[in-house]
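Biologist: I should like to understand the reasoning behind the terms used for this model. May I put some questions to you?

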Amino acid sequence: MDWFAAPDYWLSRLLVQRLLAALYLIGFLAAAAQFRALIGAEGMLPVPRFTARVPFRRAPGLFHLHYSDRFFAAVAWSGAALAAAVAAGLGDAVPLWASIPLWAVLWVLYLSIVNVGQTWYSFGWESLLLEAGFLAAFLGNADTAPPAPVLWLMRWLVFRVEFGAGLIKLRGDSCWRDLTCLRYHHETQPMPGPLSWFFHHLPDPLHRVEAAANHFVQLVVPVGLLLPQPVASYAACAVLVTQLWLVASGNFAWLNWLTIVLVLAAVEPARLGLPVHARDHPGTPVWYEALVIALTAVVVVLSYWPVRNMISRGQAMNRSFNRLHLVNTYGAFGSINRLRQEVVVEGTDETVLTPHTVWREYGFKGKPGDVRRLPRQFAPYHLRLDWLMWFAGISPAYARPWFLPFVARLLSGDRATLRLLRHNPFPDAPPTHVRATLYLYRFTDWRELRETGAWWHRIALSEYLAPVDLRALGRAGFRPPLGGRGPAQGRGVREVPLEWFRRHGRRTGRRTGPRPDRRSGPSAGEEREEPR
């Protein structure tokens with residue numbers, strides 16, 4: 001079938017598959033490095049507890065058949081090794097009939113992790129990686145010309161990513177319609193990068209240009225991806241440039257990098273003047289043509305739900321309509337925070353608390369903390385705890401399932417949890433008490449940066465969590481994990497009762513409770529605000 005093969009896209013396919021495998025590698029490495037504290041058997045949200053209440057049909061994967069931390073580590077490291085091999089060219093070194101199972105194994109392994117990842121894996125880039133990885137299995141390898149239907153399905157995927165994000169913005173926050181959202185976004189985004197301070201201080205007219213360009217690239221340009229060449233290649237280049245702009249302005253895990261990889265499927269290198277010559281490929285096997293046609297039919301049918309969602313006034317953002325995370329709906333930042341609220345976690349090793357108690361701050365790898373520390377670039381690597389701490393600053397309800405289990409692990413000196421942090425102020429023994437304070441953060445201006453060397457300015461707003469120790473958590477039913485260094489031992493930590501959280505914590509934004517102690521030491525760029 002002449003319409004089936006697209007030999008001029010062999011370089012596009014090679015780049016899509018190799019780079020996609022590299023992103024799989026990052027996903028598996030992040031899972032292997034972080035899972036014990038987050039979802040391990042003694043983690044904040046343990047997988048065994050999840051699989052005990054959620055049946056296989058609702059979250060299919062390997063861990064419903066068996067779970068242990070050792071087995072999870074084996075799955076994650078096996079996925080990483082296979083992804084590295086595919087990124088290095090294993091998929092092209094084996095026959096076509098063997099290449100497809102390689103991608104299928106990657107997909108099954110990562111699907112198994114996502115489906116038990118709970119809150120930590122509830123973001124759109126997880127579904128996007130799974131959907132992209134599933135399509136990549138049918139792109140073939142060097143034994144055959146790239147199949148045009150699968151290339152079109154990848155264009156359709158990028159269209160949904162971009163167009164869905166554009167619609168959710170127009171229907172959401174009014175600042176997108178009056179082009180003012182970028183006044184706030186670079187400062188209030190979940191995890192700023194090293195250039196975010198500079199993006200934030202661009203002149204206001206440029207912020208308006210940013211917002212207008214975003215609307216154009218997300219609502220007009222995606223239509224070009226579905227048009228014939230050379231329009232599709234030019235549209236793909238516009239998406240690519242926009243995604244690189246987003247990469248430079250913040251940390252969004254692999255969302256932007258994956259979008260860049262996928263949009264390469266719409267690029268015909270010869271149309272851009274690249275000296276790439278078509279390769280000769282053997283004839284396409286009939287069984288492979290049938291498989292691709294069946295895949296196309298499935299995607300067309302499953303597209304009903306995301307299309308219905310996109311045209312709905314009640315458009316949902318980042319939703320999977322099936323347990324396999326195939327043909328999803330996407331979108332991001334339908335609303336923009338005007339202020340940045342951060343939860344700062346502190347501990348003390350003093351047995352008796354007094355007004356003169358010295359509190360020492362825990363340092364996170366990615367989220368803002370020390371006002372003198374320039375935000376770092378971590379994407380496409382994903383710091384899951386840091387990302388969820390941003391949600392905790394918005395409202396304690398976001399953090400209710402995991403925040404007190406996190407505190408319990410700090411009080412017990414849990415090594416797996418401490419490895420997720422940049423700085424542990426208690427290297428020799430765990431603290432006796434831990435507390436959390438809600439701060440208002442904002443970027444400093446040029447004058448403040450020159451005078452203080454601080455990138456952030458912060459003001460204490462309210463008590464987020466009153467000082468607690470292991471006894472207080474024990475009375476509420478919380479116990480540290482096995483293997484902790486604290487005096488108490490126990491198995492598991494259950495979900496936080498809302499009433500307990502209401503008694504011991506404060507709602508965000510309310511200036512209630514005692515004033516945070518000055519002995520914590522306000523540093524450059526920091527102030528304290530009296531409670532009202």
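Biologist: Which residue in β6 does Ala436 stand opposite?

Modeller: Ala436 stands opposite Leu465 in β6. Please bear in mind that the model is predicted.

Biologist: What makes β5 and β6 a pair of strands?

Modeller: Two strands pair if there are at least two bridges between them. β5 and β6 have nine bridges, in the antiparallel sense, so the criterion of at least two is met.

Biologist: With which strands does β1 pair?

Modeller: Strand β1, residues 340–348, pairs with β5, residues 433–443, in the antiparallel sense over nine bridges. In this pairing Val345 stands opposite Ala436. β1 also pairs in the antiparallel sense with β2, residues 360–361, over two bridges. There Gly347 stands opposite Arg360. Since the requirement is at least two bridges, the two bridges between β1 and β2 satisfy it.

Biologist: Why is β6 described as largely enclosed by the rest of the structure?

Modeller: A residue is buried if its relative accessible area is under 20%. In β6, residues 456–468, 12 of the 13 residues are buried, and therefore the strand is called largely enclosed.

Biologist: How many residues of β1 are buried, and which way do they point?

Modeller: Nine of the nine residues of β1 are buried. Arg340, Glu342, Val344, Glu346 and Thr348 point one way. Gln341, Val343, Val345 and Gly347 point the other way. In a regular strand the side chains alternate between the two faces of the sheet.

Biologist: Why is Leu226 called partly exposed?

Modeller: The term covers values between 20% and 50%. Leu226 has 32% relative accessibility, so it counts as partly exposed. Its place is in the loop between α12 and α13.

Biologist: What does Leu226 touch beyond the residues up to four places away in sequence?

Modeller: Leu226 touches Trp152, Arg155, Trp156 and Phe159. Leu226 and Trp152 are 74 residues apart along the chain, and their C-alpha atoms are separated by 7.8 Å.

Biologist: How many aromatic pairs does a search of the whole structure find?

Modeller: The search finds 40 aromatic pairs. One of the ring clusters to look at links Trp120, Phe364, Trp402, Phe403, Phe406 and Tyr464.

Biologist: Why is the pair of Phe199 and Trp245 called edge-to-face?

Modeller: Rings pair if their centres lie within 6.5 Å, and planes over 60 degrees apart count as edge-to-face. The centres of the Phe199 and Trp245 rings are 5.0 Å apart and their planes are at 90°, so the pair is edge-to-face. Phe199 lies in α10 and Trp245 in α13, so the pair ties together parts that are 46 residues apart in sequence.

Biologist: Are these two residues, Phe199 and Trp245, buried or partly exposed?

Modeller: Phe199 has 11% relative accessibility and so counts as buried. Trp245, at 43%, counts as partly exposed.

Biologist: How do you know that the charged end of Arg384 sits over the ring of Tyr121?

Modeller: The distance must be within 6 Å of the ring centre, and there is also a condition on direction, within 35 degrees of the ring normal. The charged end of Arg384 sits over the ring of Tyr121, 3.6 Å from its centre. Likewise, the charged end of Arg458 sits over the ring of Tyr439, 4.4 Å from its centre.

Key: Residues numbered from 1 in each chain as written. Predicted model: local features only at pLDDT ≥ 70, side-chain atom pairs only at ≥ 80, totals over all residues. Heavy atoms only, no water. Helix = DSSP H or I, 4+ residues; strand = E, 2+ residues; numbered from the N terminus. Buried < 20%, exposed > 50% of the residue type's maximum accessible area, 1.4 Å probe, protein only. Contact = heavy atoms within 4.5 Å. Phe/Tyr/Trp six-rings, centres within 6.5 Å; stacked < 30°, edge-to-face > 60°.
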